Amino acid sequence: MPPINFGTIVRRPKSAQFIVNDFMAIILCLAGLVVAGMQECFLESILFWVSLIISLCLIYRLIYLKQTIYYITPEQLIYEHGVFHRSRDFIELYRVIDFREESSFLQQLFGIKTIKVYSGDRTTPCLKMAGMERKDLLIPPIRDRVVINRKMNGIYEITNR
């Protein structure tokens, strides 16, 4: 069977996922900076320095999220991530077993969702694609590619029901 000419789908998490992931830390950091700013010795306040360190961690987490890319090629699902050290994880599509979509309350407010892709891959048995737009239908094109890759590689699922 000749390979089907699917294009590569590229997705990045929405910035709103940062707020969903770190909502409490953002609130605590802002509150700490406001309270520290009300004191006379602003720069000498322990609260200021703690809030500053938390702010730096939050900035790193935001950059990490913005550097995350998901590629869905005709044969693989690729997860690229990292800031100082970039990594790429590959999942062969014929190994994909199941899918799941979920949205927490905050994700629903921001119109985003998490797509979980379960696979027989040893290094990435469950890939969480957090921060995807809720209206973006990614599972059907992935499923189509999985079916075609299984046929091309002679992979058949046997179930005991």
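**Exercise 1. The hairpin of β6 and β7**

Task: In this predicted model, find how many residues lie between β6 and β7 in their hairpin, and how many bridges join the two strands.

Solution:
- Step 1. Locate the strands: β6 covers residues 112–119, and β7 covers 126–133.
- Step 2. Look at the connection. Six residues lie between β6 and β7, and the two strands form a hairpin.
- Step 3. Count the bridges. Seven of them join β6 to β7, and the strands run antiparallel.
- Step 4. Check individual pairs. Opposite Thr114 stands Ala130 of β7, and opposite Ile112 stands Glu133 of β7.

**Exercise 2. The sheet of three strands**

Task: State in which order the strands β5, β6 and β7 are arranged in their open sheet, and which strands stand at the edges.

Solution:
- Step 1. The order is β5-β6-β7, with antiparallel pairing.
- Step 2. β5 and β7 each have a single partner strand, so one side of each has no neighbour in the sheet; these two are the edge strands.
- Step 3. From one strand to the next, the twist averages 20 degrees.
- Step 4. Helix α4 packs on this sheet and touches β5 and β6. The direction of α4 makes about 175 degrees with that of β5.

**Exercise 3. The sheet of four strands**

Task: Work out which strands stand at the edges of the sheet formed by β1, β2, β3 and β4, and which residue of β3 is the bridge partner of Ile72.

Solution:
- Step 1. This open sheet has the order β1-β2-β3-β4, and its pairing is antiparallel.
- Step 2. The edges are β1 (9–11) and β4 (87–92). Each has a single partner strand, so one side of each is left without a neighbour in the sheet.
- Step 3. Neighbouring strands are turned by 15 degrees against each other on average, direction ignored.
- Step 4. Now take the pair β2 (residues 69–72) and β3 (residues 76–81): four bridges join these antiparallel strands. Ile72 has Leu77 as its bridge partner in β3.

**Exercise 4. The two sides of helix α2**

Task: Decide which residues of α2 are buried and which residues on the other side are exposed.

Solution:
- Step 1. Check the length of the helix. Helix α2 (residues 46–66) has 21 residues and reaches 30 Å from its first C-alpha to its last, close to the 30 Å expected.
- Step 2. List the buried residues of α2, which are Phe48, Ser51, Ser55, Leu58 and Leu65.
- Step 3. These residues cover an arc of only 100 degrees around the axis, and therefore lie on the same side of α2.
- Step 4. On the other side of α2, the residues Ile46, Ile53 and Leu56 are exposed.
- Step 5. Ask what the buried residues of α2 touch: they pack against α1 (16–37).

**Exercise 5. Ile26 and its surroundings**

Task: Is Ile26 buried or exposed, and with which residues is Ile26 in contact, leaving aside neighbours within four places in sequence?

Solution:
- Step 1. Ile26 is part of helix α1.
- Step 2. Its relative accessible area is 18%. The cut-off for a buried residue is under 20%, so Ile26 is buried.
- Step 3. With sequence neighbours within four places left aside, Ile26 is in contact with Phe18, Ile19 and Leu58.
- Step 4. Ile26 and Leu58 are 32 residues apart along the chain, and their C-alpha atoms are separated by 7.6 Å.

**Exercise 6. Helix α4 and the largest core**

Task: Find which residues of α4 are buried, and which members of the largest nonpolar core touch the most other members.

Solution:
- Step 1. Helix α4 (residues 139–153) has 15 residues and should span 21 Å; its end C-alpha atoms are 21 Å apart, which agrees. After α4 comes Gly154, with a positive phi near 65 degrees.
- Step 2. The buried residues of α4 are Ile139, Ile142, Arg145, Val146, Ile148, Asn149 and Arg150. They pack against β1, β2, β3, β5 (96–102) and β6 (112–119).
- Step 3. The largest nonpolar core has 18 residues, of which Leu77, Val117, Leu127, Met129, Leu138 and Ile142 touch the most other members. At least two residues of this core come from each of β2, β3, β5, β6, β7 (126–133) and α4.
- Step 4. Apart from this core lies another, of five residues, including Phe18, Ile26, Leu58 and Leu65.

**Exercise 7. Met132**

Task: Is Met132 buried or exposed, and how many residues along the chain separate Met132 from Pro13?

Solution:
- Step 1. Met132 lies in strand β7, and at 2% relative accessibility Met132 counts as buried.
- Step 2. Met132 and Pro13 are 119 residues apart along the chain, while their C-alpha atoms are separated by 5.4 Å.
- Step 3. Beyond neighbours within four places in sequence, the contacts of Met132 include Arg11, Pro13, Tyr70, Ile115 and Leu138.

Terms used:
Residues numbered from 1 in each chain as written. Predicted model: local features only at pLDDT ≥ 70, side-chain atom pairs only at ≥ 80, totals over all residues. Heavy atoms only, no water. Pairing = 2+ DSSP bridges. Axes fitted to C-alpha atoms, helices over the stretch in contact; angles between N-to-C directions. Expected span 1.5 Å × (residues − 1). Buried < 20%, exposed > 50% of the residue type's maximum accessible area, 1.4 Å probe, protein only. Arc of directions from axis to C-beta. Contact = heavy atoms within 4.5 Å. Core = buried A, V, L, I, M, F, W, Y, C linked by side-chain atoms within 4.5 Å.
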